[in-house]
Amino acid sequence: IMIKPETSADFTITSVLAHGSSVKKGDTLIGIDTRALDKEIASLEKAIAIDQLKLTQSQHELEQLKISTPRSLESHARSEQEAEEDLKHYTTAGQAIETEQAKRSIGKAEFSLANQKEGLQQLLKMYAEDDKTEETEEIILKRARHYVDRAEFALKAAKISAEKQVNTTIPRKLKSKQLAAQNARIANTDAKENLPHALKIKQQETEKATKDHQEKTEKLTHLKADRAMMAI
């Protein structure tokens with residue numbers, strides 16, 4: 001009887017039937033210690049099961065990357081273009097319009113105040129011609145003075161708001177758009193460099209995992225064949 005295991009030639013014979021012994025079908029002729037081999041088979045089976053799960057996950061991730069990578073590249077390119085367009089529009093038109101609107105708000109408030117004051121002066125001039133001011137006239141004058149006071153406060157608020165718009169809000173908005181364009185440009189550059197690289201790495205990892213899984217499966221087949229060979 002000759003044993004030629006494919007995976008290892010290191011095994012121990014534990015028993016041999018004596019020459020001339022009577023045997024029947026199913027009796028062991030030569031006892032071989034297979035504990036190490038059995039342990040290796042069991043360990044490899046568990047490793048293959050785990051590898052199969054990881055391989056399936058890696059294959060799924062690879063398929064997702066194949067779909068998401070072109071979309072992400074397109075999205076980053078579009079974000080950079082839109083940020084550049086927003087910045088260009090703001091520097092060529094938007095900033096000037098907002099600055100002009102802030103300044104014009106003061107003129108609008110000044111016009112409103114002048115209009116209210118003129119209305120009050122007209123009322124005072126008209127009611128001054130009477131010998132005495134009637135109760136209704138007092139109510140009208142009180143209301144007119146209130147409108148003047150409110151217009152004065154509106155002018156004060158408009159000046160403060162316009163100053164903040166011109167000196168703080170608008171410059172900050174310009175800076176934000178500049179930073180947004182810069183960040184979009186950097187993100188797009190990184191995406192064009194890293195996303196295809198990540199896809200390539202995942203492809204190589206999946207290929208290696210597939211190859212390793214196949215090699216372990218083949219090794220398990222040989223180990224089981226050796227184990228069957230040792231049942232003499």
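**Entry 1: the helix pair**

Axes here are lines fitted to C-alpha atoms, for helices over the stretch in contact. I am working from a predicted model. I looked up how helix H1 packs against helix H2. H1 covers residues 35-128 and H2 covers residues 135-229. Their axes lie 5 Å apart, at an angle of about 170 degrees. Angles over 145 degrees count as roughly antiparallel, so H1 is roughly antiparallel to H2. I then checked which residue classes make up the contact of H1 with H2. I noted 46 nonpolar residues, 21 polar and 26 charged.

**Entry 2: the core**

Which residues make up the largest nonpolar core? I listed 11 in all. Ala109, Leu113, Leu120, Leu123 and Tyr127 are among them. So are Leu141, Ala144, Val148, Ala151, Leu155 and Ala158. I looked up which elements supply this core, and H1 and H2 are those that give two or more residues. H2 gives the most, with 6 residues.

**Entry 3: two buried helix positions**

I picked one residue in each helix. Alanine 162 sits in helix H2. Is alanine 162 buried or exposed? Its relative accessible area is 4%. Buried means under 20%, so alanine 162 is buried. I also looked up its spacing to alanine 102. The two are 60 residues apart in sequence, yet 4.7 Å apart in space, C-alpha to C-alpha.

Leucine 55 belongs to helix H1. I found a relative accessible area of 5% for leucine 55, which makes it buried. I paired leucine 55 with lysine 4. They are 51 residues apart in sequence and 33 Å apart in space, C-alpha to C-alpha.

**Entry 4: threonine 217**

Threonine 217 is placed in helix H2. How accessible is threonine 217? I noted a relative accessible area of 32%. That value falls between the 20% and 50% limits, so threonine 217 counts as partly exposed. Phenylalanine 153 is 64 residues from threonine 217 along the chain. Their C-alpha atoms are separated by 85 Å.

**Entry 5: proline 5**

I moved to the segment before strand E1 (12-16), where proline 5 is found. Its relative accessibility is 18%, under the 20% limit, so proline 5 counts as buried. I looked up the spacing of proline 5 and glutamine 64. They lie 43 Å apart, C-alpha to C-alpha, and 59 residues apart in sequence.

**Entry 6: the largest pocket**

I checked the space in the largest pocket and noted about 250 Å³. How many residues line the largest pocket? The lining has 16. Ser8, Asp10, Phe11, Ala36 and Leu37 lie nearest its centre. H1 and H2 are the elements that give two or more residues to the lining. H1 supplies the largest share, 4 residues. By class, I noted 6 nonpolar, 4 polar and 6 charged residues in the lining.

Technical notes:
Residues are numbered from 1 along each chain as its sequence is written. This is a predicted model: local features need pLDDT of at least 70, side-chain atom pairs count only at pLDDT 80 or more; totals for chains, interfaces and linings use all residues. Side-chain values use heavy atoms; hydrogens and water are left out. Axes are lines fitted to C-alpha atoms, for helices over the stretch in contact, and angles run from 0 to 180 degrees between N-to-C directions. Angles under 35 degrees count as roughly parallel, over 145 as roughly antiparallel, 65 to 115 as roughly perpendicular and the rest as oblique. Ala, Val, Leu, Ile, Met, Phe, Trp, Tyr, Cys and Pro count as nonpolar, Asp, Glu, Lys and Arg as charged, and the others, Gly among them, as polar. On a 1 Å grid over the protein atoms alone, a cavity is a set of points where a 1.4 Å probe fits but cannot get out, and a pocket is an open set with protein on both sides within 12 Å along at least five of seven lines; lining residues have an atom within 4 Å of a point. Grid points are joined across faces, edges and corners, and a volume is the space filled by probe spheres set on the points. Buried means under 20% relative accessible area, exposed over 50%, partly exposed in between (1.4 Å probe, protein chains only). A nonpolar core is a set of buried Ala, Val, Leu, Ile, Met, Phe, Trp, Tyr and Cys residues joined through side-chain atoms within 4.5 Å.
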